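Hi there,

Here is the structure I promised to pass on to you. Have a look at it first, and then read on for my notes.

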Amino acid sequence: MPTFDRLLEEGLAWRTDCAEPFVALADWRSDPDAHPLDTPSGKIELFSEQLAVAAEALRGTPDEGAITPIPTYVPEWGPAEFAVERPATDGAQKPDAELREDGHGCESSAFLPAGGQEYESDAGLPIGGRKSKSNTEPACDQPLRVFGFHSVARIHSSWGNVPAVSRRVPQVISINPADADARGIVTGDLVETSNRFGTLRLPAHVTDDVIAGTIVMPQGAWWQAESCGTQNAPGAASARTAEPIDVGGCINTLTTSRPSPLAFGNPQHTCWCHLHRHMGTEAYLSET
């Protein structure tokens with residue numbers, strides 16, 4: 001290896017121990033019998049008998065078809081998993097040119113099912129808008145994807161309980177201007193996002209950095225109840241209690257506890273929600 005100063009000067013470090021170009025699986029290619037691969041057949045497998053057994057075990061379950069013995073595109077879990085309405089086919093959120101009677105824009109009939117008819121969601125919410133039990137203003141109920149990312153202020157949840165850190169890097173929900181306009185939201189407004197697993201409330205940050213049809217918030221924030229009432233944890237269990245509002249911004253408030261079918265991993269990047277402007281925004285802004 002070159003010295004650090006030489007590396008800075010030249011910008012590249014060339015390996016001197018490789019006289020020939022790298023060839024993947026070179027030993028197996030030269031002699032498959034002497035150097036079998038780490039697969040049941042010792043070969044490259046396009047059909048996996050192990051995955052075929054796993055797929056058969058999922059028959060009759062909600063995850064039937066999620067595992068296949070050959071490479072297959074399997075769609076992600078949709079809004080039905082989170083009890084929100086069916087999304088637009090192209091994932092974009094476009095506000096109507098006209099405003100509803102309450103002064104807020106909403107999506108056009110392009111976001112309705114085939115035939116352009118309005119319908120009730122799995123959560124029993126009309127597509128034209130709602131007023132939630134937590135005093136959110138009526139607005140569009142078109143569902144939005146939820147994506148989490150790592151905050152510059154935390155290592156996952158470490159330091160999430162340090163007030164000085166939270167003041168310097170506040171927890172906010174970032175939203176595309178088209179989605180914000182459709183809901184009467186501007187930067188600094190309090191917004192509530194919810195699905196069947198829970199509800200959280202945070203300030204909004206309207207930015208073109210977020211793709212339409214999506215909200216983005218940092219992961220790792222600590223769950224915090226709105227009041228000193230029931231201190232239940234986020235997830236499916238909290239949906240069966242008194243519906244406390246998370247004002248700490250814990251993204252797990254919205255994520256499903258259902259694991260991915262093969263690796264049993266955390267599917268937090270497959271999440272859907274409703275988003276509304278909170279009716280307490282004016283009081284919140286007057287205090288900040």
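Let me start with a cysteine: Cys273 is buried, with a relative accessibility of 0%. Please keep in mind throughout that this is a predicted model.

Since you will probably want to know about disulfides, I looked there early on. How many disulfides does a search of the whole structure find? The search comes back with zero. Cysteine 271 takes part in no disulfide, and the cysteine sulfur nearest to its own, that of cysteine 273, lies 6.6 Å away. Seen from the other side, the closest cysteine sulfur to that of cysteine 273 is in cysteine 271, and 6.6 Å is too far for a bond. A pair of cysteine sulfur atoms has to be within 2.5 Å to count as a disulfide. Cysteine 271 is buried too, at 3% relative accessible area.

Now the overall picture. The chain has 288 residues, and 39% of them count as buried. Its secondary structure comes to six helices and nine strands. Of the contacts between residues at least 6 apart in sequence, 68% join residues at least 24 apart. The chain exposes about 17200 Å², with carbon and sulfur atoms supplying 56% of that area.

Next, the strands. S7 covers residues 214-219, and six of its six residues are buried. Strand S3 (residues 144-150) runs parallel to S7, and six bridges join the two. Within that pairing, glycine 148 has methionine 217 as its bridge partner, while phenylalanine 149 is partnered by proline 218. S7 also pairs with strand S4 (residues 173-175), this time in the antiparallel sense and over two bridges. There, serine 174 stands opposite valine 216.

S3 has a further partner in strand S9 (residues 272-277): two bridges join them, and they run antiparallel. This brings us back to the cysteine I began with, as leucine 144 stands opposite cysteine 273 in S9.

One residue of S7 is worth finding on your screen: glutamine 219. Is glutamine 219 buried or exposed? It counts as buried because its relative accessible area is 11%, and the cut-off for buried is under 20%. Leaving aside residues up to four places away in sequence, glutamine 219 touches Phe149, His150, Arg154, His156 and Ile251.

On to the charged pairs. Side chains of opposite charge can pair when their charged atoms come close. The count for this model is ten salt bridges, and I will pick out a few.

Arginine 145 and glutamate 76 meet through their side chains in a salt bridge, at 3.6 Å from N to O. Arginine 145 lies in strand S3 and glutamate 76 in the loop between helix H3 (49-57) and strand S1 (95-99), so this pair ties together parts that are 69 residues apart in sequence. Both ends count as partly exposed: arginine 145 at 25% relative accessibility, glutamate 76 at 41%.

Glutamate 81 and arginine 196 form another salt bridge, at 3.8 Å from N to O. This pair links distant parts of the chain, 115 residues apart: glutamate 81 sits in the loop between H3 and S1, and arginine 196 in the loop between strand S5 (190-195) and strand S6 (198-206). Here glutamate 81 is buried, with a relative accessible area of 13%, whereas arginine 196 is partly exposed at 43%.

A third one to look at is the salt bridge between arginine 201 and glutamate 192, where the closest N and O atoms are 2.6 Å apart. Arginine 201 is buried, at 9% relative accessible area, and glutamate 192 is buried as well, at 2%. Salt bridges that share partners also join Asp63, Glu81, Arg196 and Arg258 into one network.

Finally, the outside. Which residues make a nonpolar surface patch of about 320 Å²? They are Phe4, Leu7 and Leu8. Leucine 8 belongs to helix H1 (residues 4-10), and it counts as exposed because its relative accessibility is 58%.

That is what I have for you. Happy browsing!

Best wishes

Conventions:
Residues are numbered from 1 along each chain as its sequence is written. This is a predicted model: local features need pLDDT of at least 70, side-chain atom pairs count only at pLDDT 80 or more; totals for chains, interfaces and linings use all residues. Side-chain values use heavy atoms; hydrogens and water are left out. Buried means under 20% relative accessible area, exposed over 50%, partly exposed in between (1.4 Å probe, protein chains only). Helices (H or I, at least four residues) and strands (E, at least two) are DSSP runs, numbered from the N terminus. Two strands pair if DSSP finds at least two bridges between them. Patches are made of residues with over 30% relative accessible area and no salt bridge: like charges are joined within 9 Å, nonpolar side chains (Val, Leu, Ile, Met, Phe, Trp, Tyr) within 5 Å. Accessible areas come from the Shrake-Rupley method with a 1.4 Å probe; for residues, only the protein chains shown count as cover. A salt bridge is a side-chain nitrogen of Lys or Arg within 4 Å of a carboxyl oxygen of Asp or Glu. Contact means heavy atoms within 4.5 Å.
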